[in-house]
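Some labels need a reason behind them. The questions below ask for that reason each time.

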Amino acid sequence: MKLLIIGGTGKTGRQLIAQALEQGHQVTAMVRKPGKVKLTHSHLRVCKGNVLSLPDLTAAVQNQDAVLSALGHKRFFIKTSILSQGTKNIILAMEKQQVKRLIAITSLGINDSRYKLGLYYTLFVIPVILWFYFKDKSKQEKLIMESNLDWTIVRPGQLTNGRMKSDYQAGEKLGHYILTPCISRVSVADFMLKQLNDNTYIHKTPAVIN
């Protein structure tokens with residue numbers, strides 16, 4: 001398949017690119033700084049672009065079969081709309097180019113999964129450190145849900161750099177009110193790519209945890 005991967009310089013995005021290429025997909029990675037993509041491959045095209053630019057996204061989405069978004073940022077302590085505005089542009093670009101399949105990563109602890117990232121996140125991390133970030137992620141999810149795309153929102157637990165585990169869990173009712181569920185980035189990338197050939201979670205919000 002021809003895949004556009006957004007957020008490819010992040011830790012999860014890099015896993016998405018590597019695994020997609022291993023599976024034989026043709027990958028376009030749209031990034032702000034192409035030099036940060038160290039991987040080279042005959043099926044990888046790196047294009048410079050910004051998710052806040054609708055023309056950049058419209059050009060990148062053209063002729064793709066699906067879009068995978070690992071969009072994120074590190075501006076945790078300031079009010080921002082990067083995730084929601086960037087996602088709005090992704091949706092508009094996909095609609096214009098008639099690309100239907102969107103698989104996007106957000107997080108447990110958002111919207112109807114609130115409190116399911118454990119007490120530590122619920123009582124401290126989200127309200128103290130990630131308040132603006134999670135508010136923007138919540139808006140991001142709502143924009144996707146209100147679109148006409150064939151979307152899947154993937155909600156991982158706390159992300160780690162651990163190894164791939166074939167027995168990770170996925171489902172809409174997962175999470176924990178007390179303990180913090182975790183999942184490796186490599187496992188999240190694996191699950192996201194599996195959704196390309198699986199309609200089980202279209203218009204759904206599966207959590208992914210160990």
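Q: What makes the contact between the side chains of Asp 112 and Arg 155 a salt bridge?
A: A salt bridge is a side-chain nitrogen of Lys or Arg within 4 Å of a carboxyl oxygen of Asp or Glu. For Asp 112 and Arg 155 the N to O distance is 2.6 Å, so the pair meets the rule. This is a predicted model, in which local features need pLDDT of at least 70 and side-chain atom pairs count only at pLDDT 80 or more, while totals for chains, interfaces and linings use all residues. Residues are numbered from 1 along each chain as its sequence is written, and side-chain values use heavy atoms, leaving out hydrogens and water.

Q: Why is Asp 112 called exposed?
A: Exposed means over 50% relative accessible area, buried under 20%, and partly exposed in between (1.4 Å probe, protein chains only). Asp 112 has 59%, so the word is exposed.

Q: Why is Arg 155 called buried?
A: Its relative accessible area is 2%, and buried means under 20%, so Arg 155 counts as buried.

Q: What makes Glu 141 and Arg 155 a salt bridge?
A: Their side chains meet at 2.7 Å, N to O, which is within 4 Å, so the rule is satisfied. Asp 112, Glu 141 and Arg 155 are linked in a network of salt bridges.

Q: How do you know that Lys 194 is partly exposed?
A: Lys 194 has a relative accessible area of 47%, which lies between 20% and 50%, so the term is partly exposed. Its salt-bridge partner, Asp 190, counts as buried at 11%.
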